[in-house]
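Please read this briefing alongside the sequence and the three-dimensional view. It moves from the overall make-up of the protein to particular residues and the partners they meet.

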Amino acid sequence: MFKLARRLLPQQRMFSNPLRLQRLISTSDEVNSEPIIKSMETIGGLSTELVNEQKLKKTSRTLSTLQNHSVPIAARVTVSKDESRDFMAVFPDLVRDITTVTKSYNCNDAAKWFAKVLQYNVPRGKKNRGILTVLTYKNLVAAEDLTPENIKLAQYLGWCVEMLQSFFIISDDVMDNSTTRRGQPCWHKVENVGLTAINDALMIENAMYAILKMHFSHLDCYVALMELFHEITYITTCGQSLDQLNSNRSVSEFTMDSYKSIVDNKTAYYSFYLPFAVALHLAGYKDAEAFRQSKTILLEMGHFFQVQDDFLDCFGNPEVTGKIGTDIQDNKCSWLAVVAMQRANAEQKKIMVDCYGNEDPVKVERIKELYKELGLPTTFATFEEESYNMIKTHIQQTSRGVPHQTFLQILNKIYQRDS
């Protein structure tokens, strides 16, 4: 293996650091030497910079990561069509249950409106969080416990996670005055909706608790689930507050510490830890250390995911991502902005200060060009690969009864994503 790596060193600059090479070798256990040779040949021995340039021109994943086939494409497809179809099949039941509850308060018109709110906002995305809740539960319990009733409970929990996601998204889009989400107009931009979207978001959040009461109040984990959803909601809104406060500051004040606080609280807890933790509760896990180890790994995944999201906001293809990125215009404390300020010289920092947070298309484009001049696409590609291997190592070091494959399934899904 080491002999092979030495032969490849002249062709791959990103392996020039021996420690980095050692980490890549020690943590990649999914391929043998023959597939590595084949995958390296697919880029024809070109420099990583040239590979990036070609991918910018030829692929829909704009300025994507360096080609790295240590994870086979098939391994990244962790959600089968059957799994997605089964999950979607539960959604009409969810709408019916919520509509019934709403009508019980003599709010028939509100129930009819709310059904439209749910159908437009909740099931339209990729549903990764919800489906991963189900997949995690299936990985955690014995085969004899995978009864139709238990699987449906896991699916309902998954939809609760998706409802919380919709509550956050609708609120976030109103605050950011975004225009598109998931390839369609943001809910507040739909005709006859406007700021009614704020109340709709609150209804979605609280309908989630109605579902939990209806289907989980008889279980031992009910209180733990309720407390977890409340806690994660508060953590996420704290993260949203940090995000909004930082967006009112100069880009010169952005720091990586601030960025990490925003990411952990606004994204990582609800996107990664919540789906996993609710599955742990439903599966009957009580070990506090298992939850602690899981949280550490899942927050790392959340940071990894948000850096990807920041990159795609700037360089992604809206036809693939489903949204038009506005981080530059909105003066967001993004990973790209923080790294750019760390790397820029005095003249380049002045460009950042003058142009960042401005809606002028010329200034927005100047920021994007500066990101390229500073080599941020290549930096991101290296970050993505190194983070994948670091998180994988941490997964392999966990010891408290949670199957490693359960974590790897999530990690492989988000690695080198394009939306």
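The points below are grouped by topic, and they concern a predicted model. The protein has 19 helices and two strands, and 54% of its 419 residues are buried.

**Overall make-up**

- Among the contacts in the protein with a separation of 6 or more, 76% are between residues that stand 24 or more positions apart.
- The accessible surface of the protein comes to about 19,400 Å², and carbon and sulfur atoms account for 53% of that area.

**Helix α10 and its surroundings**

- Helix α10 covers residues 196-216, and for its 21 residues a rise of 1.5 Å a residue gives an expected span of 30 Å, which agrees with the 30 Å between its end C-alpha atoms.
- The buried residues of α10 include A197, A201, I204, M208, I211, L212 and F216, and also among them are the charged residues D200 and E205, together with Y209 and H215.
- The buried residues of α10 pack against α6 (81-103), α7 (108-121) and α9 (148-176), and also against α11 (222-247) and α12 (256-282).
- L202, which is likewise found in helix α10, counts as partly exposed because its relative accessibility is 40%.
- On the surface, L202 joins L195 and I198 in a nonpolar patch, and the three together have about 290 Å² of accessible area.

**Salt bridges around K332**

- Side chains of opposite charge can pair when their charged atoms come close.
- The count for this model comes to 17 salt bridges.
- K332 forms a salt bridge with D176, in which the closest N and O atoms are 3.2 Å apart; this pair links distant parts of the chain, since K332 lies in the loop between α14 (318-321) and α15 (335-343) while D176 lies in helix α9, 156 residues apart.
- K332 and D176 are both buried.
- K332 also forms a salt bridge with D243, here with the closest N and O atoms 2.9 Å apart; D243 belongs to helix α11, so the pair ties that helix to the loop between α14 and α15, parts that are 89 residues apart in sequence.
- K332 counts as buried because its relative accessibility is 6%, and D243 is buried as well, with a relative accessible area of 5%.
- D176, D243 and K332 belong to a network of salt bridges that also links D172, D173, R181 and K266.

**Helix α12: a salt bridge and a ring pair**

- Within helix α12, K260 and D264 lie four residues apart, about one turn of the helix, and their side chains meet in a salt bridge with an N to O distance of 2.7 Å.
- The two partners differ in their exposure: K260 is partly exposed, with a relative accessible area of 43%, whereas D264 is buried at 13%.
- Y269 is also found in helix α12, and it counts as buried because its relative accessible area is 15%, under the 20% limit.
- Leaving aside residues up to four places away in sequence, Y269 touches D264 as well as I232, I235, L274, K295 and L299.
- The C-alpha atoms of Y269 and H303 are separated by 9.9 Å, although the two residues are 34 residues apart along the chain.

**Aromatic pairs**

- The structure holds 16 aromatic pairs.
- In one of them, the rings of W113 and W187 have their centres 5.8 Å apart and their planes at 45°, so the pair is tilted; it links distant parts of the chain, with W113 in helix α7 and W187 in the loop between β2 (184-185) and α10, 74 residues apart.
- W113 is partly exposed, with a relative accessible area of 28%, whereas W187 counts as buried at 7% relative accessibility.
- Y269 and Y273 form an edge-to-face pair, with 6.3 Å from centre to centre and 90° between the planes; these two residues are four residues apart in helix α12 and are therefore separated by about one helical turn.
- Y273 counts as buried, at 8% relative accessibility.
- Ring pairs also link F304, F311, F315, W335, Y371, F380 and F383 into a cluster.

Conventions
Residues are numbered from 1 along each chain as its sequence is written. This is a predicted model: local features need pLDDT of at least 70, side-chain atom pairs count only at pLDDT 80 or more; totals for chains, interfaces and linings use all residues. Side-chain values use heavy atoms; hydrogens and water are left out. The expected span of a helix is 1.5 Å times one less than its number of residues. Buried means under 20% relative accessible area, exposed over 50%, partly exposed in between (1.4 Å probe, protein chains only). Contact means heavy atoms within 4.5 Å. Patches are made of residues with over 30% relative accessible area and no salt bridge: like charges are joined within 9 Å, nonpolar side chains (Val, Leu, Ile, Met, Phe, Trp, Tyr) within 5 Å. Accessible areas come from the Shrake-Rupley method with a 1.4 Å probe; for residues, only the protein chains shown count as cover. A salt bridge is a side-chain nitrogen of Lys or Arg within 4 Å of a carboxyl oxygen of Asp or Glu. Rings of Phe, Tyr and Trp (its six-membered ring) pair if their centres lie within 6.5 Å; planes under 30 degrees apart count as stacked, over 60 as edge-to-face and the rest as tilted.
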